[in-house]
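Could you walk me through the odd backbone spots in this model, and what surrounds the ligand? Here is a short tour.

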Amino acid sequence: MLKVYGFSRVNAGARGNTRDLRVLWALEEMGLPYEIVGLDHPNHDLDTPAYREKNPFGQVPIIDDDGVIVSESGAILLYLARKSGKLIPQDLAGESQVLRWSFAALSSLELPIMSLWFVDLNGGKGSAPSQALRGWSKQRLGELDGWLQNRQFVATGEFTVADILMTHVLISGSTERSLLSPHPNLLAYEQRCTERPAWKRTLEAYFERVQPA
Ligand SMILES: N[C@@H](CCC(=O)N[C@@H](CS)C(=O)NCC(=O)O)C(=O)O
C-alpha cells in the first residue's frame, strides 16, 4: 500500500499550510488508495536516522510506494500522475505543459514568495532585500495573472497536478493576501481550484487528524 508521510502534529501557524496537503489533495483527486504515516514535528520525528535515510532534508512530504521513496512535493505529484494516468495528459506535448507549469509554480513563483516570507519573518521587514523580494514577487504574480486571463487552468484546458502545485503556492500562509488582491484572474483561478470537492475533503480530513502544537 502506498504510504504518505505527513504531519500528525505541527506548530499552529503552519497547520493547514503544509506541503503534505499537495500530495493528499492529488491522491483524493486521483482516487488512489493510500495510508498516512503521521509525524510529530515538535517531537523530532523528522530528525530520526530512519527518516533522514528516506529524506536527507528531514522534511515532509515523502511517499513510499512499495519501496519507491520519493520526496519533494512536485516530484511526488508527477510520480502519482504518471502512476494513475490522471491529472496529466498522456501525450508528450500535453505532459510537457504540466512539467513546465509545475516547475514554474515551484521556482518562478514559490522562490520569490517564500524568500520574501522568510526575510520578513526573520526581522527583515522593510529592509532593502525585503523590498526587492516584494518587487520580484509582485512582478511574477502580475505576469501569472496575465497568463490566466483567458484560461481556466494553468497548464492545459483541464485541471492537472500543476494546478495543485500552483494553487497551493498561492494559498499557503507564506503568500501575503495583499500580494494577490490586485489580481482578479489569480483570485478567480484560486477560487476555481479550491472549490473542488477533493480539496475541501482533503482539508477537512487534515484538520481532523493533524494536531496543533
Ligand atoms: N521543497 C520541498 C519543501 C518541503 C517543506 O518545506 N516541508 C516543510 C513542511 S511544508 C517541512 O517539512 N518542514 C519541517 C522542517 O523543515 O523541519 C517540497 O516541496 O516538498
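Helices (H or I, at least four residues) and strands (E, at least two) are DSSP runs, numbered from the N terminus. This is a predicted model, where local features need pLDDT of at least 70 and side-chain atom pairs count only at pLDDT 80 or more, while totals for chains, interfaces and linings use all residues. Residues are numbered from 1 along each chain as its sequence is written.

**Backbone oddities**

Most residues other than glycine have a negative phi, and most peptide bonds are trans. Start with the peptide bond between V60 and P61: it is cis, with omega about 5°. P61 sits in the loop between α2 (49-54) and β3 (62-65).

Two residues other than glycine have a positive phi, E72 and L87. For burial, count the other C-beta atoms, placed from the backbone, within 10 Å of a residue's own: 20 or more is buried, 12 or fewer is exposed, and anything in between is partly exposed.

| Residue | Phi | Loop | C-beta atoms within 10 Å |
|---|---|---|---|
| E72 | near 75° | between β4 (68-71) and α3 (73-84) | 16, partly exposed |
| L87 | near 60° | between α3 and α4 (92-124) | 22, buried |

**Around the ligand**

Which residues surround the ligand? Taking near as a C-beta atom, placed from the backbone, within 6 Å of the molecule, the shell holds T18, R19, L46, G58, Q59, V60, P61, E72 and S73. So both partners of the cis bond, V60 and P61, turn up here, and E72 does too, because the shell is picked by that C-beta cut-off. By class, the shell has three nonpolar, four polar and two charged residues; Ala, Val, Leu, Ile, Met, Phe, Trp, Tyr, Cys and Pro count as nonpolar, Asp, Glu, Lys and Arg as charged, and the others, Gly among them, as polar.

**Helix α3**

α3 has twelve residues and reaches 16 Å from its first C-alpha to its last, close to the expected 16 Å (1.5 Å times one less than the number of residues). Its buried residues are S73, G74, I76, L77, L78, L80 and A81. Their cover includes α1, β3, β4, α4 and α6 (161-171), going by contacts, meaning C-beta atoms, placed from the backbone, within 7 Å. After α3 comes G85, with a positive phi near 75°.

**Out at P33**

P33 lies in the loop between α1 (20-30) and β2 (35-40). Is P33 buried or exposed? P33 is exposed, with 8 other C-beta atoms within 10 Å. Leaving aside neighbours within four places in sequence, P33 is in contact with M1 and L2.

Conventions: Contact = placed C-beta atoms within 7 Å.
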